[in-house]
Amino acid sequence: LDIDGGTLAVTAGNSLSAGNVDIEDAGGVTVGAGSTLQSTGGTFTNSDQIAVAAGGLLVSSAALTNEASGTLTYANGGTLNAGGAGSGTVTNDGTVTVTSGTVADVGNDTLQNNNIVNIDGAGTLSFGVITNNVGGTINVNAGGTLQGTGSTINNNATINIAAGSTTTDAN
């Protein structure tokens with residue numbers, strides 16, 4: 001699936017699967033409530049805007065990469081998963097925002113953050129391993145939660161933890 005211009009909407013409760021998913025220069029992609037956009041045999045790459053509604057899933061059977069110009073916004077929880085049910089890697093070189101609800105991996109995925117992650121008010125971001133690399137910033141705003149469920153949160157850059165927010169590490 002190569003979205004290069006135009007728009008794509010996966011409406012509520014539906015799924016769209018393809019071997020590889022490559023989203024670039026589109027007019028925006030929406031994944032409706034309880035919907036799934038997934039790569040079944042290869043990579044999932046985003047360099048555009050993807051808005052995910054309540055309980056929406058972005059899934060890759062291999063690596064999932066949000067490139068420098070990519071934006072992933074979760075409005076009310078959902079799933080961000082790479083490597084199927086095993087241990088995969090989600091790489092963020094763009095911006096990931098969780099406005100509310102819990103966004104979690106499946107299995108014991110690793111989030112490699114190289115740019116910006118925003119966790120707002122009632123939002124929770126939960127991954128097996130979270131690595132904030134040099135150049136990365138994770139903002140856990142008041143009421144937000146950053147949760148490392150597998151082994152650890154590794155920080156090599158900046159994590160801003162606001163008053164009234166929560167950060168937990170399984171260790």
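**Strand pairing and buried positions in a predicted model**

In this predicted model, N66 touches N46, T71, L72, T91, N92, D93, G94, T95 and V96, leaving aside residues up to four places away in sequence.

Me: In which strand is the place of N66, and which residue of strand 13 stands opposite N66?
Reply: The place of N66 is in strand 10. Strand 10, residues 64–66, pairs with strand 13, residues 89–92, in the parallel sense over three bridges. Within this pairing, the residue of strand 13 opposite N66 is N92.

Me: Is N66 buried or exposed?
Reply: The cut-off for burial is under 20% relative accessible area. N66 has 1% relative accessibility, and therefore counts as buried.

Me: Which residue has its backbone oxygen 3.2 Å from a polar atom of the side chain of N66?
Reply: A polar contact requires a pair of N or O atoms within 3.5 Å. A polar atom of the N66 side chain lies 3.2 Å from a backbone oxygen, and that oxygen belongs to G70.

Me: What separates the C-alpha atoms of N66 and F44?
Reply: Along the chain, N66 and F44 are 22 residues apart. In space, their C-alpha atoms are separated by 8.4 Å.

Me: How many bridges join strand 13 to strand 15, and which residue of strand 15 stands opposite T91?
Reply: Strand 13 and strand 15, the latter spanning residues 110–113, run parallel and are joined by four bridges. In strand 15, the residue standing opposite T91 is Q112.

Me: Are N118 and T124 buried or exposed?
Reply: The place of N118 is in strand 16, and T124 lies in strand 16, residues 116–132. Burial means under 20% relative accessible area. N118, at 19% relative accessibility, counts as buried; T124, at 14%, also counts as buried.

Me: Which residues does N118 touch, and which does T124 touch, not counting residues up to four places away in sequence?
Reply: With residues up to four places away in sequence set aside, N118 touches T95, V96, T97, V98 and N139. Under that exclusion, the residues touched by T124 are V98, G101, T102, V103, I119, T145 and Q147.

Me: Which strand gives the most to the largest nonpolar core?
Reply: The largest nonpolar core has 32 residues, of which I23, I50, L58, L80 and L125 touch the most other members. The strand that gives the most to this core, with five residues, is strand 16.

Me: Which residues does I50 touch, not counting residues up to four places away in sequence?
Reply: I50 is one of the members of the largest nonpolar core that touch the most other members. Leaving aside residues up to four places away in sequence, I50 touches I23, V29, V31, F44, L58, T71, L72 and T73.

Note on methods: Residues are numbered from 1 along each chain as its sequence is written. This is a predicted model: local features need pLDDT of at least 70, side-chain atom pairs count only at pLDDT 80 or more; totals for chains, interfaces and linings use all residues. Side-chain values use heavy atoms; hydrogens and water are left out. Helices (H or I, at least four residues) and strands (E, at least two) are DSSP runs, numbered from the N terminus. Buried means under 20% relative accessible area, exposed over 50%, partly exposed in between (1.4 Å probe, protein chains only). Contact means heavy atoms within 4.5 Å. Two strands pair if DSSP finds at least two bridges between them. A polar contact is a pair of N or O atoms within 3.5 Å; within protein, one must be able to donate a hydrogen and the other to accept it, and residues adjacent in sequence count only if both atoms are side-chain atoms. A nonpolar core is a set of buried Ala, Val, Leu, Ile, Met, Phe, Trp, Tyr and Cys residues joined through side-chain atoms within 4.5 Å.
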